[in-house]
Amino acid sequence: MSEISIRPLTANDRAAWEPLWQGYLTFYKSSLTPETTDATFTRLTNGQEPMGGFIAERDGKALGIVNYVLHRTTWSQKEICYLQDLFTSEEARGHGIGRKLIEAVRQMAEKQGLFRVYWQTHESNLQAQELYDKVAQKSGFIVYRQPLG
């Protein structure tokens, strides 16, 4: 079995990214309009938004993705990185791909001199939490939402 490679997401990755993106949405029992998916992919890859991503591959097959958003924070003069979406295909789980994708974001953030990387997961996502507990610290904060519109 060959090595897993992690590289920045590019505009040429749409066909590889979208099934993983749809898998992520399905995992969280969500769906988005095609227009929102189009806008999301464009924002991640056009280099004009404070967003980006990485893709994990083995032998040319996409196995996982991570999307992130950079933004300002009141806690530092440096920007902060929100690791917003992390997903690996079911057959790829348990092979260290999620860890490698998180590390790619961490290295990018460190290289850019950002303040921190943070993320959230659903309380029922116990498999992911096993990894997250090894690579990061729980903040102790609970997330609340107010839908608009």
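## A walk through the model, starting at S89

Setting aside the residues within four places of it in sequence, S89 touches L20 and L63. This is a predicted model, and S89 makes a handy place to step into it. Look for S89 in the loop that runs between β4 (80-88) and α3 (97-111). Is S89 buried or exposed? Its relative accessibility is 9%, and buried means under 20%, so S89 counts as buried.

Now let's get a sense of the chain as a whole. An unreviewed UniProt entry carries the annotation "domain: N-acetyltransferase", and that annotation covers residues 4-149. Over residues 4-149, helix makes up 35% of the chain and strand 23%. The C-alpha atoms at the two ends of that stretch sit 42 Å apart.

Next, a pair of helices. Two packed helices are described by the angle between their axes and by the distance between those axes. Here the pair is helix α1, residues 14-27, and helix α2, residues 34-45. They pack at an angle of about 125 degrees, and their axes are 12 Å apart. Because of that angle, α1 is oblique to α2. As for handedness, α1 passes α2 in a right-handed crossing.

Which residues make this contact? From α1 come R14, W17, E18, W21 and Q22, while α2 brings T37, D38, T40, F41 and L44. Sort the residues in the contact of α1 with α2 by class and you get four nonpolar, three polar and three charged.

From there, follow the chain out of the second helix. Q48 sits in the loop between α2 and β2 (51-58). With a relative accessibility of 68%, and exposed meaning over 50%, Q48 counts as exposed. To get a feel for distance, try Q48 and Y144: they are 96 residues apart in sequence, and from C-alpha to C-alpha they are 29 Å apart in space.

Our last stop is P8, which belongs to strand β1 (residues 5-8). What about its accessibility? P8 comes out at 49% relative accessibility, so it counts as partly exposed. If you leave out its neighbours within four places in sequence, P8 is in contact with D13, G53, F54 and I55. You can also compare P8 with T42: 34 residues separate them in sequence, and their C-alpha atoms are 14 Å apart in space.

So, to recap the three residues on this walk: S89 counts as buried, P8 as partly exposed and Q48 as exposed.

Conventions
Residues are numbered from 1 along each chain as its sequence is written. This is a predicted model: local features need pLDDT of at least 70, side-chain atom pairs count only at pLDDT 80 or more; totals for chains, interfaces and linings use all residues. Side-chain values use heavy atoms; hydrogens and water are left out. Axes are lines fitted to C-alpha atoms, for helices over the stretch in contact, and angles run from 0 to 180 degrees between N-to-C directions. Helices (H or I, at least four residues) and strands (E, at least two) are DSSP runs, numbered from the N terminus. Angles under 35 degrees count as roughly parallel, over 145 as roughly antiparallel, 65 to 115 as roughly perpendicular and the rest as oblique. A crossing is left-handed if the near helix is turned anticlockwise from the far one by less than a right angle, and right-handed if clockwise. Contact means heavy atoms within 4.5 Å. Ala, Val, Leu, Ile, Met, Phe, Trp, Tyr, Cys and Pro count as nonpolar, Asp, Glu, Lys and Arg as charged, and the others, Gly among them, as polar. UniProt positions are given in the numbering used here, feature names are shortened, and annotations may be inferred rather than shown by experiment. Buried means under 20% relative accessible area, exposed over 50%, partly exposed in between (1.4 Å probe, protein chains only).
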